[in-house]
Amino acid sequence: MNDGPYAKIVRAMKKRHRVRIHRWRASMSGCAWRIYHPDGRTTNWVEAPQPKTPISLAVFLHEVGHHVIGFDRYLRGCEEEYHAWEWALREMRRLGIEPDHRTLRRHELSMRYAVHKAERRGLHQMPTELARYSSLPA
């Protein structure tokens, strides 16, 4: 990784949360997963855009957030997405980087997509914090 404006943040996140970069993506999408080794070790992987702008930083932090909050903590995928996004936005602010309008819009669209997917798959009891992203009547 070059020494772009967010290189120090990336190094700190990798170290603090024991995350490895599988590859930098060209798109503004990401993925997080954990490998369990036979000897009991685990490896935390992420793919995300290389952070160069507030929105690419947010996507990277969102993927790290999946590892921070834990993959088994929330029963529903849309809840996990919500908490990973909330962690990423809080982390940006903690680091002194205010999420810009593009970042907040990306968060909104991502949450609407996650909630609508859950609704299509039959989610009947919407968690309170996700109700605002639903297209179904309250």
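So, strand β3: seven of its eight residues are buried, so the rest of the structure largely encloses it. Buried here is under 20% relative accessible area, exposed is over 50%, and partly exposed is in between, with a 1.4 Å probe and protein chains only. Strands are DSSP runs of E with at least two residues, helices are runs of H or I with at least four, and both get numbered from the N terminus.

Before I go on, some housekeeping. This is a predicted model, so I take local features at pLDDT of at least 70 and side-chain atom pairs only at pLDDT 80 or more, while totals for chains, interfaces and linings use all residues. Residues are numbered from 1 along each chain as its sequence is written, and side-chain values use heavy atoms, with hydrogens and water left out.

Okay, the sheet. We have three strands in an open sheet, ordered β1-β3-β2, and the pairing is mixed. β1 (19-25) and β2 (31-36) are at the edges with a single partner strand each, so each has one side without a neighbour in the sheet. From one strand to the next, the twist averages 20°. For angles, axes are lines fitted to C-alpha atoms, for helices over the stretch in contact, and values run from 0 to 180 degrees between N-to-C directions.

Now the pairing. DSSP has to find at least two bridges between two strands before they count as a pair. β1 and β3 (residues 42-49) run parallel, joined by six bridges. Along that pairing, Arg-20 stands opposite Trp-45 in β3, and Arg-23 faces Glu-47 of β3. β2 and β3, on the other hand, are antiparallel, over six bridges, and Ala-32 has Val-46 of β3 as its bridge partner. The β2 and β3 hairpin has five residues between the strands, and there Gly-40 takes a positive phi near 100°. While we're on phi, look at Arg-18, in the loop between α1 (7-17) and β1. Its phi is near 50°, positive in a residue other than glycine, and Arg-18 is exposed, at 56% relative accessible area.

What covers the sheet? α2 packs on it, touching β1, β2 and β3, and the helix direction makes about 160° with that of β3. A contact, by the way, means heavy atoms within 4.5 Å. α2 is mostly covered, with 14 of its 16 residues buried. From first C-alpha to last, α2 reaches 21 Å, close to the 22 Å expected at 1.5 Å a residue. That expected span is 1.5 Å times one less than the number of residues. Right after α2 comes Gly-70, with a positive phi near 95°.

On to α4, residues 101-120. These 20 residues reach 28 Å from first C-alpha to last, close to the expected 28 Å. The buried residues of α4 include Thr-103, His-107, Glu-108, Met-111 and Val-115, and the cover over the buried set includes α2 (54-69) and α3 (77-94). α4 is followed by Gly-122, again with a positive phi, near 105°.

Which residue sits in the segment after α4? That would be Tyr-133, and Tyr-133 is buried, at a relative accessible area of 1%. Leaving aside residues up to four places away in sequence, Tyr-133 touches Tyr-82, His-107, Glu-108, Met-111, Arg-112, Val-115 and His-116.

Last stop, the largest pocket, with about 270 Å³ of space in it. The setup is a 1 Å grid over the protein atoms alone: a cavity is a set of points where a 1.4 Å probe fits but cannot get out, a pocket is an open set with protein on both sides within 12 Å along at least five of seven lines, and lining residues have an atom within 4 Å of a point. Grid points join across faces, edges and corners, and the volume is the space filled by probe spheres set on the points. Which helix gives the most to the lining of the largest pocket? It's α4, with five residues, while α3 and α4 each supply at least two. Among the lining residues are Arg-76, Cys-78, Glu-81, Tyr-113, Lys-117, Arg-121 and Leu-123.
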